[in-house]
Each structure stands twice: as structure tokens, then as C-alpha cells.
Amino acid sequence: MMKRKMSALLVAGAITTLVHAQTQNENQANEETDAAVSAQNSERHDTLNTLSVPQASAGECQALVIVPAQFEAKTEQVTVKEASETIEVIPAEYEWVEEQVMIKPAGERLEVVPATYKTIEEEIEIEPAVVEKEVIEPQFAEVTEEVLSKPAYMAPQNATGGVAGNGGEVLRLVEVPAENSTITKHVVQEDVQVKETPVEAKYVTVQKQVIDQPAEVKKVPYEAEYETVRVKKLVKEAEEVRKEIPAEYAEVTVYDKISDAQMRWEKVLCENTVNKGTIEEVQRALNAQGYKAGVVDGALGPSTTRALEKYQRDNNLGVGGVTMETLDSLGINR
């Protein structure tokens, strides 16, 4: 019962190690390794069914281990830089010489002759001649005059006697004379009139300047100006020289697969025979060869397991537990 349980654990560990080994295999061709892992994953159930557990002697244990794919290294020469051509430019040659250089050509300049002025006296009208008009008010005279204030009229008046008898009243019309009033009124003796008085213009004498000779522009010729300067003269033209650059090569190491990864049964230390001393020897041996197994404590922990599997893959040993093959490779007595 114990052997069956241990075999099941070893088989499960071997399958997990196969996947890990195929994806983490250093210094191997990635594409071929991935293909091998994929092939092993797809066929693992068939492999387990076809691999029969070998007959083990009393006291021996078998484990299903993974043998990584094997590669053969070879050196090839590859071109890292193709042949090319370079162009070297030989600069032109110059020399310094002195030359007379015209810095200003001969020509003509325009010169303005300003205008001249003279002072003259001139009378300026400051107030024009005008006609002042004065209005003479009309003259009135007082005249006394009688005017009819109330005209004459007929009014009835009582009278006695007469034809009427029987003691009755008799009325007769009597003329009431007109009434006059004396008034004083103003009558125009002289009509209103406008009196015109002429006023002469006023003048002032001022001095002012007038152009005596108008301004003019005349052309004045001048000579060219020269200066001695140093000039760089071309002696020899620049030229191009073409040079061939040979190709560069490098040697690289490539790996050809000579065998696929496979699973097989391998003798391992049984659970009851794995003692702390043996694991300590394995840890010391791995650390001595540069595989980081961690502290030598006799425990088959994660660090020791990773270091052991890396050692097995690097040396093309079956990956999956402390196999007899691995102990022989490490030089550990069983």
C-alpha cells in the first residue's frame, strides 16, 4: 500500500517536472523544446498506460522520471556585417592672397540746396470797412381833442295836460343832447428812420518772409573706394576616394536535437531509506558545483528540489527525485 502511494506521488511529480523542464530548458532551441513539451502533454496519458512498471527487487523503489531532450552543439559562421563601401572626402586646398577689393563703387549723390528767403512788409486788413446803422425812434406830439363820448338820444318824459283826460299820465319824447369828452393823444410828428454811418477798414503793417531763391537738388559725383583684404583662393578641388569595407563574420553555437524528451522508470531511494545524511550529502555536492541548494539541513525543500532538477537537466539525467543515477553522477555512495 505504501509503495503504491509513493509510486502515484512520484508519477504526479514526474509529469509536473516534465512540463517545467520543457518550458525552462536553458541553452536549448526554444521552438523545438516547446514542441516537445506540447507533444509530451498531449500524449502523457498514453505514455503512462504503455510504460509498464519494472519488477523491483525487495527493498528497491522505482520512479517515473523525465529524460530531457538531448541536443548537439555545433559552430556555424554567420555574417554579422555585410561588405560595404565607404567614401573618404579629401578636402580642397586653399591659399591666402591679398587683393584690392572695391568696397564702394563710383557714383553720384544728390545734394539738396535749401531755399533762401527775404523779409518784406505788407499791410494786412484786420477789420473790413462796414456801414454802421442807427435806428432813430419816431417823434410824437401831444394833441388835445374833443370826442363824442355819448351821442344824443330821445327819452320819454312825464307831461301834464294834453289831450288825455281822466287824470291819466302823459309821456312825451324829449331829445337828450350828446355828450363830449376832451382827450389827449400822441400823434406821429416824425416817422422812424435808420441812420447809416460808414466806418473805414483798419489795417496793420507786418513783416513776413517770402522765398527769394527756391530749393533745388543737384547731383554731386564721387569716386569709388577700395580696400586691401586677404582672400582665400582655391588651389586644389576636393575629391572623393572610395574604399571597400570587407564583410564581418562571427561564430555562433547552434543546437541540433538528437533525441526527444522521454519518460522512463528509474531506481530511486525509497522513502524509508532516504535519511537526513544522504540529503545533506546531496545538498553539499550541489552547492559545491554551483547549484544553489540552500542551507545544508537534510530536508528536501523547494530550493534543494529546484537545484537537483536543474543539475539533472544540465547533465541529461532523468528528472524526478533522488535517483540512483543522480547519486552516482554526484559521486555519493549509496
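**Helical core and strand pairings in a predicted model**

T326 sits in helix α5, which covers residues 324-330. The model described here is predicted. T326 is buried, with a relative accessible area of 1%. Leaving aside residues up to four places away in sequence, T326 touches L308, Y311, Q312, L317 and G318. Among these contacts, L308, Y311 and Q312 are themselves buried residues of α4.

Helix α4 spans residues 302-314. With 13 residues at 1.5 Å a residue, α4 should span 18 Å. The C-alpha atoms at its ends are 18 Å apart, so the expected and modelled values agree. Buried positions in α4 are T304, A307, L308, E309, Y311, Q312 and R313. The buried set thus includes E309 and R313 as well as L308. An α-helix has 3.6 residues a turn, so residues three or four places apart point the same way. Just after α4, N316 adopts a positive phi of about 55 degrees.

The largest nonpolar core holds 15 residues. Seven of its members touch the most other members: V282, L286, Y311, V322, L327, L330 and I332. Helices α3, α4 and α5 each supply at least two residues of this core. The largest share, four residues, comes from α3. In soluble globular proteins, nonpolar side chains tend to be buried together. L286 illustrates the contacts made by a core member. Beyond residues up to four places away in sequence, L286 touches Y291, A293, T304, A307, L308, Y311 and L330. Of these partners, Y311 and L330 are also listed among the core members that touch the most others. Y311 is in contact with T326 too.

The chain as a whole has 334 residues, of which 19% count as buried. Five helices and 18 strands are present. Among contacts with a separation of 6 or more, 80% join residues 24 or more positions apart. The accessible surface of the chain comes to about 24600 Å². Carbon and sulfur atoms account for 49% of that surface.

One pairing distant in sequence involves V210, in strand β13 (residues 202-213). V210 is partly exposed, at 25% relative accessibility. V210 and Y117 are separated by 93 residues in sequence, yet their C-alpha atoms are 5.4 Å apart in space. V210 touches Y117 and also T116, K118 and I120, with residues up to four places away in sequence not counted.

Salt bridges number 10 in the structure. One of them joins R242 to E85, with the closest N and O atoms 3.0 Å apart. R242 lies in strand β16 (residues 239-245) and E85 in strand β3 (residues 84-90), so this pair ties together parts 157 residues apart in sequence. R242 is exposed, with a relative accessible area of 51%. E85 is partly exposed, at 43% relative accessibility.

A further salt bridge links E145 and K185, whose closest N and O atoms are 2.8 Å apart. E145 belongs to strand β8 (residues 139-150) and K185 to strand β11 (residues 179-190), so the pair ties together parts that are 40 residues apart in sequence. Both partners count as partly exposed: E145 has a relative accessibility of 32%, and K185 has one of 35%.

A salt bridge within a helix is formed by R284 and E280. Their closest N and O atoms are 3.8 Å apart. The two residues are four places apart in helix α3 (residues 276-288), and are therefore separated by about one helical turn. R284 is partly exposed, with a relative accessible area of 46%.

On the surface, L110, V112 and V217 make a nonpolar patch of about 310 Å². V217 is placed in strand β14 (residues 216-222). At 54% relative accessibility, V217 counts as exposed, because the cut-off for exposed is over 50%.

How values were computed. Residues are numbered from 1 along each chain as its sequence is written. This is a predicted model: local features need pLDDT of at least 70, side-chain atom pairs count only at pLDDT 80 or more; totals for chains, interfaces and linings use all residues. Side-chain values use heavy atoms; hydrogens and water are left out. Buried means under 20% relative accessible area, exposed over 50%, partly exposed in between (1.4 Å probe, protein chains only). Contact means heavy atoms within 4.5 Å. The expected span of a helix is 1.5 Å times one less than its number of residues. Patches are made of residues with over 30% relative accessible area and no salt bridge: like charges are joined within 9 Å, nonpolar side chains (Val, Leu, Ile, Met, Phe, Trp, Tyr) within 5 Å. Accessible areas come from the Shrake-Rupley method with a 1.4 Å probe; for residues, only the protein chains shown count as cover. A salt bridge is a side-chain nitrogen of Lys or Arg within 4 Å of a carboxyl oxygen of Asp or Glu. A nonpolar core is a set of buried Ala, Val, Leu, Ile, Met, Phe, Trp, Tyr and Cys residues joined through side-chain atoms within 4.5 Å.
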